[in-house]
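Work through the exercises below with the model open. Try each task before reading its solution.

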Amino acid sequence: MSVTSALRPPQILSDLTHLLFPKKCLSCEEELTQKERTVCSLCTQNFTETNFHLDSEPTILDKLFWGRVSIHHTYALFFFEKEKTTQKILFQLKYGHNKRVGEHFGREIGKRLKLHAGFQDVDAILPVPLHPKKEFTRGYNQSEVLARGICEEMQLPMDTKSVRRVKHGVSQTRKSRFERWDSIQTTFVVDDHILSYKHVALVDDVVTTGSTLEVIARAILEKHPEVKVSVVTLAMT
């Protein structure tokens, strides 16, 4: 039997599977070609990656927290752009019940963090928590889905217990920075388990003003002043 003929049946099976169960782009949900695995080539070309993991100087995301709270390092995968791939990805993750998109881009973040010197000693990944009511309504925590992909790639534990959200509030999207800050001062509590870490990375889907991450970081540092707190997000505005 020739090598060509030996390989033919699996290829036929692959073609048939693709025909019956076509995979769709995680961003635009258009059908993928057999060579495309998760995101179509058009969507891949239609977002702006930050490449913060390659920067030796402080990034604009680092500077966002200057003078507000001590953040060890920051990282965002994309710059958010309206009417482009990043907006579609965030919609799929947050409102489209698409866990695959979060896990996929979580792994992509993890690959880049492994190249970032500032994240080499991270002990645990902490997703920004949702209030239980909101998580029940949405079906899952999008930050936790992202964190799962990061943990899988970096072989790190995910901690969903050390930081809890105890106040259920309305969306922060249309609030000013001061209004966001004022509304979330009593939103989060930190458990004593945080004392077992030397470096934790907070994970959120998108950072705009940074108020939520600032409040959580402050709460962690009040409980454990010696710990290093870093910030990781899928996108930044």
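**Exercise 1: Asn51 and His97**

Asn51 is partly exposed, at 32% relative accessible area; partly exposed lies between buried (under 20%) and exposed (over 50%), using a 1.4 Å probe and protein chains only. The model is predicted: local features need pLDDT of at least 70, side-chain atom pairs count only at pLDDT 80 or more, and totals for chains, interfaces and linings use all residues. Residues are numbered from 1 along each chain as its sequence is written, and side-chain values use heavy atoms, with hydrogens and water left out.

Task: place Asn51 and His97 in the chain, and state the phi of each.

Solution.
- Step 1. Find Asn51 in the loop between strand E1 (48-49) and helix H3 (60-64). Helices (H or I, at least four residues) and strands (E, at least two) are DSSP runs, numbered from the N terminus.
- Step 2. Read its backbone: Asn51 is not a glycine, yet its phi is positive, about 60 degrees.
- Step 3. Move to His97, in the loop between helix H4 (85-94) and helix H5 (99-113). Its phi is near 55 degrees, again positive in a residue other than glycine.
- Step 4. Recall the background: most residues other than glycine have a negative phi.
- Step 5. Check accessibility: His97 counts as exposed, at 56%.

**Exercise 2: H4 against H5**

Task: describe how H4 and H5 pack, and name residues that meet.

Solution.
- Step 1. Take the geometry: the axes are 7 Å apart and the angle is about 120 degrees. Axes are lines fitted to C-alpha atoms, for helices over the stretch in contact, and angles run from 0 to 180 degrees between N-to-C directions.
- Step 2. Classify it: H4 is therefore oblique to H5. Under 35 degrees is roughly parallel, over 145 roughly antiparallel, 65 to 115 roughly perpendicular, and the rest oblique.
- Step 3. Assign the hand: the H4 and H5 crossing is left-handed, meaning that the near helix is turned anticlockwise from the far one by less than a right angle.
- Step 4. List the residues: Ile89, Gln92 and Leu93 of H4 meet Val101, Gly102 and Phe105 of H5. Contact means heavy atoms within 4.5 Å.

**Exercise 3: E6 in the sheet**

Task: what is the strand order of the sheet, and which strands pair with E6?

Solution.
- Step 1. Write the order: five strands form an open sheet, E1-E2-E7-E6-E3, with mixed pairing. Two strands pair if DSSP finds at least two bridges between them.
- Step 2. Mark the edges: E1 and E3 each have a single partner strand, so one side of each lacks a neighbour in the sheet.
- Step 3. Pair E6 with strand E3 (residues 124-127): parallel, over four bridges. Ala124 has Val200 of E6 as its bridge partner.
- Step 4. Pair E6 with strand E7 (residues 228-236): parallel, over eight bridges. Ala201 is bridged to Ser230 of E7.
- Step 5. Trace the connection: from E6 the chain passes through helix H9 (residues 211-223) to E7, a right-handed β-α-β crossover. With the strands pointing away from the viewer, that path runs clockwise.
- Step 6. Place H9: this helix lies across E3, E6 and E7, at about 165 degrees to E6.
- Step 7. Finish with burial: nine of the nine residues of E6 (residues 199-207) are buried, so the strand is largely enclosed by the rest of the structure.
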